Amino acid sequence: MATPLNLKELSKQEIRFTAGHRLCAGCAAPTVVKMILLAACDYPVVAASSTGCLEVSSCISTYTAWKIPWIHNAFENAAATLSGVETMYRALKKQGKIDRDIKFIAICGDGGTYDIGFQSLSGAMERGHDMLYVCYDNGAYMNTGIQRSGATPTFADTTTCPAGAVIPGKPQQRKDLTRIMAAHGIPYVAQASPSHWPDLMKKVRKAIETPGAKFINIFTPCNRGWRSRTDDAILLSRLAVETCFWPLYEVENGVTRVTVKPKEKKPIVEFLKAQGRFKHIFEPGREQMIEAIQQAIDKNWERLLKEEEISASGEKAE
Amino acid sequence: MIGWKDIPPGMVILEAGSAMKIKTGSWRAAYRPKWIEENCIHCLLCWLYCPDNSVKVKDGKRGEFDYDYCKGCGICAVECPGKKGNKAIVMEEEVK
Ligand SMILES: Cc1ncc(C[n+]2csc(CCOP(=O)(O)OP(=O)(O)O)c2C)c(N)n1
Ligand code: SF4
Ligand code: SF4
Ligand code: SF4
Ligand SMILES: [Mg+2]
């Protein structure tokens, strides 16, 4: 029987990512990994990560925080690496050399996913490998010193799009990777946040129980890069959901469902003002920048609700 | 000191969870969390949210902090619902 997703039962399970890792105090990445592995607690898991904070800080020298077989290859190829492992597993299973039901999970940063690892991810998903790819999205290349990525939000200050007299932080909009992955037509795609842990764990569980290629994008605050407090990772991820900056939804066999709808949609200012990377947009005369961010969020949220409506009516028609 | 000859080929680490040998509790700078048991409702959110597995739980009940690894981030104190508005975790000045 599957372990129930409540904390009393889950706390009896082994946490397969140990303390002693060297991620910063208050980093959300280890909490996200812990939630993923707890949701998968009924299975042996083989994982891979691309180069980045999680990878670097979990396997320094001969010290590993992983209690599962875990592979680091390079920055751009976690999906290709894990596809190879999964293919080998299938071959060995066919030959009767393995009989266990093993789950394969890639856990990679946004730089390694949205940008440099995108083609290997897209290929692995298109080939339909039986694996779950999770992106822990902290919105920049944090490990190398906060460089902008395709996931960096508009107007955020990073070391390669520094807010100043020339540009107001990142001039471009974020890439909507979750939608791009949904467009691959794979059986399961979702967005999750550690603040809403039951939703996150249900999604991970649903994903690993679904055969084929799956993708989940998880919001993962980084206090060093966001210039925020060390104690606010969960608080900020909750605000991201409540402001609809990071909508919680899933696309299951082409059907879109918003899994958490905020009772009251909070203004985006509440999310922005807690982060030093947006400090410059609160200077007098820059009100239209906040307005532009709000408009983009509203538009995206409306579109998502409409998409949900259309796919629900499409389901009924079938 | 481990030399390169002691490391298995391919930089494979054979001892699962060997990071536990690194006591990251030494990172705590200004603050450390303190558990106030009478305000605790044993919801275990602190156990779940702690990035450094520094809240002990036994038989579904919350136990003490593990100061060997706690980095003093304060997430547990922010997220603790406590009892009737009284937090069961507060951050206090670190004593070395
Ligand atoms: C091909 C290649 N280019 C650049 C690097 C340097 N590098 C290592 S990690 C990293 C950033 C990782 O960013 P992300 O994937 O978002 O993970 P994060 O560190 O933010 O968690 C970069 C640029 C590399 N290792 N390999
Ligand atoms: S820089 Fe950010 S993502 Fe990297 S370990 Fe520190 S808090 Fe985590
Ligand atoms: S979060 Fe607070 S109330 Fe809940 S178990 Fe931890 S200390 Fe107790
Ligand atoms: S202060 Fe941070 S590291 Fe320490 S127990 Fe609380 S959440 Fe864990
Ligand atoms: Mg990143």
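In which helix of chain A does A78(A) lie? The residue belongs to α4 of chain A, the helix formed by residues 78-94. The legends below describe this and further close-up views of a predicted model.

**Figure 1. Surroundings of A78(A) in helix α4 of chain A.** A78(A) has a relative accessibility of 5% and therefore counts as buried. Apart from residues up to four places away in sequence, A78(A) touches A48(A), S49(A), S50(A), C108(A) and S120(A). The C-alpha atom of A78(A) is separated by 8.2 Å from that of G112(A), although the two residues are 34 positions apart along the chain.

**Figure 2. The magnesium ion (ligand 5) and its protein donors in chain A.** Three residues provide the donor atoms: D110(A) through OD, N138(A) through OD1 and A140(A) through O. These atoms lie 2.0 to 2.2 Å from the ion. The spacing of the donor residues in sequence is D-x27-N-x1-A. D110(A) is situated in the loop between β3 (103-109) and α5 (111-115) of chain A, and A140(A) in the loop between β4 (131-137) and α7 (177-182) of chain A, so the pair ties together parts that are 30 residues apart in sequence. D110(A) counts as buried because its relative accessibility is 1%. A140(A), at 4% relative accessibility, is likewise classed as buried.

**Figure 3. T220(A) in the loop between β6 (213-219) and α9 (223-226) of chain A.** T220(A) is buried, with a relative accessibility of 1%. When neighbours within four places in sequence are left aside, its contacts are A28(A), A29(A), V32(A), Y136(A), D137(A), N138(A) and W226(A). Among these contacts, N138(A) is also a donor residue of the magnesium ion (ligand 5). Two others, A29(A) and V32(A), are buried residues of α2(A).

**Figure 4. Helix α2(A) within the structure.** Eleven of the eleven residues of α2(A) are buried, so the helix is largely enclosed by the rest of the structure. The buried residues include P30(A), K34(A), M35(A) and L38(A).

**Figure 5. The interface of chain A and chain B.** Contacts join 39 residues of chain A to 33 residues of chain B. The two chains bury about 3000 Å² between them, and 66% of this area is on carbon and sulfur atoms. One salt bridge is counted between chain A and chain B. It is formed by the side chains of R238(A) and E79(B), with an N to O distance of 2.6 Å. Across the interface there are also 20 residue pairs in polar contact, both residues being at pLDDT 80 or more. On the side of chain A that touches chain B, α1 (7-10), α2 (29-39), α8 (197-209) and α10 (233-242) of chain A each supply at least two residues. The largest share of that side, five residues, comes from α2(A). By residue class, the side of chain A that touches chain B comprises 22 nonpolar, eleven polar and six charged residues.

**Figure 6. The salt bridge between K206(A) and E250(A).** The side chains of these residues meet at an N to O distance of 3.0 Å. K206(A) lies in helix α8 of chain A, whereas E250(A) lies in strand β7 (residues 248-252) of chain A; the pair therefore ties together parts that are 44 residues apart in sequence. K206(A) is partly exposed at 28% relative accessibility, while E250(A) is buried at 3%.

**Figure 7. Salt bridges within chain B.** K23(B) forms a salt bridge with D68(B), the closest N and O atoms being 4.0 Å apart. K23(B) is in the segment before β1 (31-35) of chain B and D68(B) in the loop between β3 (61-65) and α2 (75-79) of chain B, so this pair ties together parts that are 45 residues apart in sequence. Both partners are partly exposed, K23(B) with a relative accessible area of 44% and D68(B) with one of 40%. In another salt bridge, the side chains of E94(B) and R28(B) meet at 2.9 Å, N to O. E94(B) follows β4 (89-93) of chain B and R28(B) lies in the segment before β1 of chain B, so the pair ties together parts that are 66 residues apart in sequence. E94(B) and R28(B) are both buried.

Key:
Residues numbered from 1 in each chain as written. Chains lettered and ligands numbered in written order. Predicted model: local features only at pLDDT ≥ 70, side-chain atom pairs only at ≥ 80, totals over all residues. Heavy atoms only, no water. Contact = heavy atoms within 4.5 Å. Buried area = accessible area lost by both parts, 1.4 Å probe. Polar contact = N/O pair within 3.5 Å; in protein donor to acceptor, adjacent residues only side chain to side chain. Helix = DSSP H or I, 4+ residues; strand = E, 2+ residues; numbered from the N terminus. Nonpolar A, V, L, I, M, F, W, Y, C, P; charged D, E, K, R; others polar. Donors = N, O, S within 2.8 Å, 3.2 Å for Na, K, Ca; no water. Buried < 20%, exposed > 50% of the residue type's maximum accessible area, 1.4 Å probe, protein only.
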